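Here are some short exercises to work through with the viewer open. Try each task yourself before reading its solution.

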Amino acid sequence: LTEDPGLSLYLHIPFCRARCSFCGCHSVVPSGGDTVERYVGALVEEMKLASLRVSPRRPVVQLALGGGTPNFLTEDQTDQLLCAVERAWAVSPGAERSVEIDPRTATPGKLDVFLRHGFNRFSLGVQDFDPGVLSAVRRGQDLMQVEEVVAHLRSRGCSAINFDLIYGLPGQDLTIAAATARQVVRLGPSRVALYS
């Protein structure tokens with residue numbers, strides 16, 4: 001018998017407060033009602049069903065939340081979802097637990113829910129630091145929002161912070177790209193993902 005390599009789980013949270021013009025992900029801008037609450041409930045039920053087929057004794061070595069915007073959920077919804085994962089499967093103490101974060105909707109409370117559940121890798125959707133470029137792609141975000149998220153995570157002992165950046169956006173040129181690169185170097189993420 002070979003040793004069980006463990007499970008890698010991915011939970012897709014498709015919700016966003018607005019759709020950025022560059023987005024190629026499956027995402028939804030909810031128009032009110034209980035759509036988000038029903039989705040979280042359906043994910044919890046799906047995990048219960050999956051755990052009947054996939055042994056809950058198998059160790060989870062990777063847990064990832066992507067989107068959309070995982071931190072679109074309320075603190076209570078996030079806690080409910082992560083508690084359900086932990087009830088359904090045995091998440092290894094050393095598992096990589098990663099989440100995609102939109103700095104515009106990140107609050108200390110929301111970040112702390114992930115940290116309490118052992119999340120140890122945070123991927124921030126930065127894209128660019130130029131206000132004109134961000135406005136052109138319908139992403140009203142400023143440098144301070146990113147700085148605050150990074151400072152909060154580091155103050156809680158998290159050092160695995162990724163920046164997602166995009167090149168080829170409307171209005172970008174070499175001067176803007178260089179200015180963004182300088183800000184990235186100044187903030188010192190542990191990893192950069194650069195997309196076209």
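The exercises below use a predicted model, and each task is followed by a worked solution.

**Exercise 1. Sort the residues of strand β1 (residues 7-13) into a covered and an uncovered face, then find the bridge partner of Tyr 10 in β2.**

Step 1: Begin with the covered face of β1, which holds Leu 7, Leu 9, Leu 11 and Ile 13.
Step 2: Ser 8, Tyr 10 and His 12 are then left for the uncovered face.
Step 3: Now look sideways to strand β2 (residues 59-67), which runs parallel to β1 and is joined to it by seven bridges.
Step 4: Within β2, Tyr 10 has Ala 64 as its bridge partner.

**Exercise 2. Find which members of the largest nonpolar core touch the most other members, and trace the contacts of Phe 163.**

Step 1: This core has 42 residues, and those touching the most other members are Leu 81, Phe 122, Leu 124 and Phe 163.
Step 2: Leave aside the neighbours of Phe 163 within four places in sequence; its contacts then include Leu 124, Val 126, Phe 129, Val 146 and Val 150. Also among them are Val 184, Leu 187, Pro 189 and Arg 191.
Step 3: Do not merge this core with a second, separate one of five residues, whose members include Val 137, Ile 166, Leu 169 and Ile 176.
Step 4: As background, nonpolar side chains in soluble globular proteins tend to be buried together.

**Exercise 3. Decide whether Asp 4 and Arg 58 are buried, partly exposed or exposed, and say which parts of the chain their salt bridge links.**

Step 1: The closest N and O atoms of Asp 4 and Arg 58 are 2.8 Å apart, and the two residues form a salt bridge.
Step 2: Asp 4 lies in the segment before β1 and Arg 58 in the loop between α1 (35-53) and β2, so the link spans 54 residues.
Step 3: Asp 4 has 33% relative accessibility and therefore counts as partly exposed. Arg 58, at 27%, is also partly exposed.

**Exercise 4. Work out what the salt bridge between Asp 102 and Arg 139 ties together, and whether the two residues are buried or exposed.**

Step 1: The side chains of Asp 102 and Arg 139 meet at 3.4 Å, N to O.
Step 2: Asp 102 sits in the loop between β3 (90-101) and α3 (108-116), while Arg 139 sits in the loop between α4 (131-136) and α5 (143-155), so the pair ties together parts 37 residues apart in sequence.
Step 3: Asp 102 and Arg 139 are both buried.
Step 4: Through shared partners, salt bridges join Asp 102, Arg 104 and Arg 139 into one network.

Key:
Residues numbered from 1 in each chain as written. Predicted model: local features only at pLDDT ≥ 70, side-chain atom pairs only at ≥ 80, totals over all residues. Heavy atoms only, no water. Core = buried A, V, L, I, M, F, W, Y, C linked by side-chain atoms within 4.5 Å. Buried < 20%, exposed > 50% of the residue type's maximum accessible area, 1.4 Å probe, protein only. Contact = heavy atoms within 4.5 Å. Helix = DSSP H or I, 4+ residues; strand = E, 2+ residues; numbered from the N terminus. Pairing = 2+ DSSP bridges. Salt bridge = Lys/Arg side-chain N within 4 Å of Asp/Glu carboxyl O.
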